[in-house]
Amino acid sequence: MVELPDMRTYCLCSELSYGDIMEKQRAEPLPFEDFLETYTKCNDGCGGCVPKLERLLVAAALFKTR
Amino acid sequence: MIYPQLFAELESKRWSLGSDVPWHTFQADQITRRQLEGIKMNALLEWSAMPTAEMFLRDNPDDADFSAFMSIWFFEEQKHSLLLMEYLRHFAPDLVPTEQELSRVRFEFDPAPALDSLALHFFGEVRLNQWYRCAREWHTEPVIRHVYQLLATDEARHARAYFRYMERALERQGQTARLAFAKVGVLMCNPRLNKVMHPTNLHVNKSMYPNDRVCDQLPDPGWFARWLSDEIGFGDVWEAKVMAGILKSLSALFGVTLESPEALRQYRTQLRESLGDTNWRADSNRTSEAEAPSLSDAHA
């Protein structure tokens, strides 16, 4: 089983913790591409957090494709 | 081993000097001579990855995993220098650094504790990410804006890679690593110290003191501080972003909430007391003084 990232992990590009980012998705769930665009700066940033955030979303049943 | 996964991750994000830089969008009227000179200085500073890689390899002889990662980090940092030099070669060829100028930033760093150097470079990458983001906003010339964006995102990835080795160090070396990272974090968050808080501005070779910083080897040693304060305008708002990056990353690393430099200082004090370190008061006082930063501060 793949270990999930700590929710305190800080995304340098978004300047938010994973917990803060997940909270935004919980409040208003968006499809993954929109999630990245709206709640993070990963698309214009290093992209290093994208797979980790995806895993967190799937684990929390917050991953949406459309 | 972290290296194989890092290799794959970083390779998947790697950009090409030839095809990922929009050289054709250059606008000559959007760049000044002073800005071009700054690009030269940054090219020289990036070249100092060479002595840094040499230091890391020398000081981590028993760490094959981290040493292998150095090959990626060194490659990508040298590529930053090359990219900036390519910009100059295209648009200001008289400012391309000479081999002599490049050679000046390669000098031996004194041996340093591996954990301290690891933390220093994590914090350095966090800061550099924000410096380059700030430089991108300051510039109006499209190509150099794109260049600084590439550099900033690379530095963020490098910070994340160093962070993974810090996590591994906590697993393997426990409180020793925790104390080392807290110590360097306190130094890097000290608002009384010079804000040019980056490994290239630290004293690294006692035999060359006081001219033993990488910055001292630049054609214009005072450029770095002026670039930050007088040119790109790296002020309080940007500094707060750096502090957030450092404190929130350390919070995640240590599993505690560290909202301010003072909270980190207190955390370190408590850590030292819990470990029975009797020298903490003298050291704590010393690192709070407004003195020039040095590796010896970090390595106290």
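Where chains A and B of this predicted model meet, the contact is made by 12 residues from chain A and 16 residues from chain B. On the chain B side, three helices each supply at least two residues: H6 (114-138), H7 and H9 (236-254). Helix H9(B) has the largest share of that side, with 7 residues. Sorted by class, the side of chain B that touches chain A holds 6 charged, 5 polar and 5 nonpolar residues.

Helix H9(B) is worth following further. Its 19 residues, at 1.5 Å a residue, should span 27 Å, and because the C-alpha atoms at its ends are 26 Å apart, the two values agree. Many of its residues are buried, among them Val242(B), Met243(B), Ile246(B), Leu250(B) and Leu253(B). What covers them? For the buried residues of H9(B), the cover includes H6, H7 and helix H10 (261-274) of chain B, together with strand E1 (10-11) and strand E2 (16-17) of chain A. Just after the helix comes Gly255(B), with a positive phi of about 75 degrees.

Next is the interior. In soluble globular proteins, nonpolar side chains tend to be buried together. Here the largest nonpolar core has 89 residues, and those touching the most other members are Leu118(B), Ala119(B), Phe122(B), Met166(B), Phe181(B) and Ile246(B). Helix H7 (residues 142-188) of chain B gives the most to this core, 22 residues. Phe181(B), leaving aside neighbours within four places in sequence, is in contact with Ala119(B), Met166(B), Leu250(B) and Leu253(B). A second core, separate from this one, has 6 residues, including Met55(B), Phe56(B), Phe109(B) and Val204(B).

How values were computed:
Residues numbered from 1 in each chain as written. Chains lettered and ligands numbered in written order. Predicted model: local features only at pLDDT ≥ 70, side-chain atom pairs only at ≥ 80, totals over all residues. Core = buried A, V, L, I, M, F, W, Y, C linked by C-beta atoms within 7 Å. Buried ≥ 20, exposed ≤ 12 C-beta atoms within 10 Å, placed from the backbone. Helix = DSSP H or I, 4+ residues; strand = E, 2+ residues; numbered from the N terminus. Contact = placed C-beta atoms within 7 Å. Nonpolar A, V, L, I, M, F, W, Y, C, P; charged D, E, K, R; others polar. Expected span 1.5 Å × (residues − 1).
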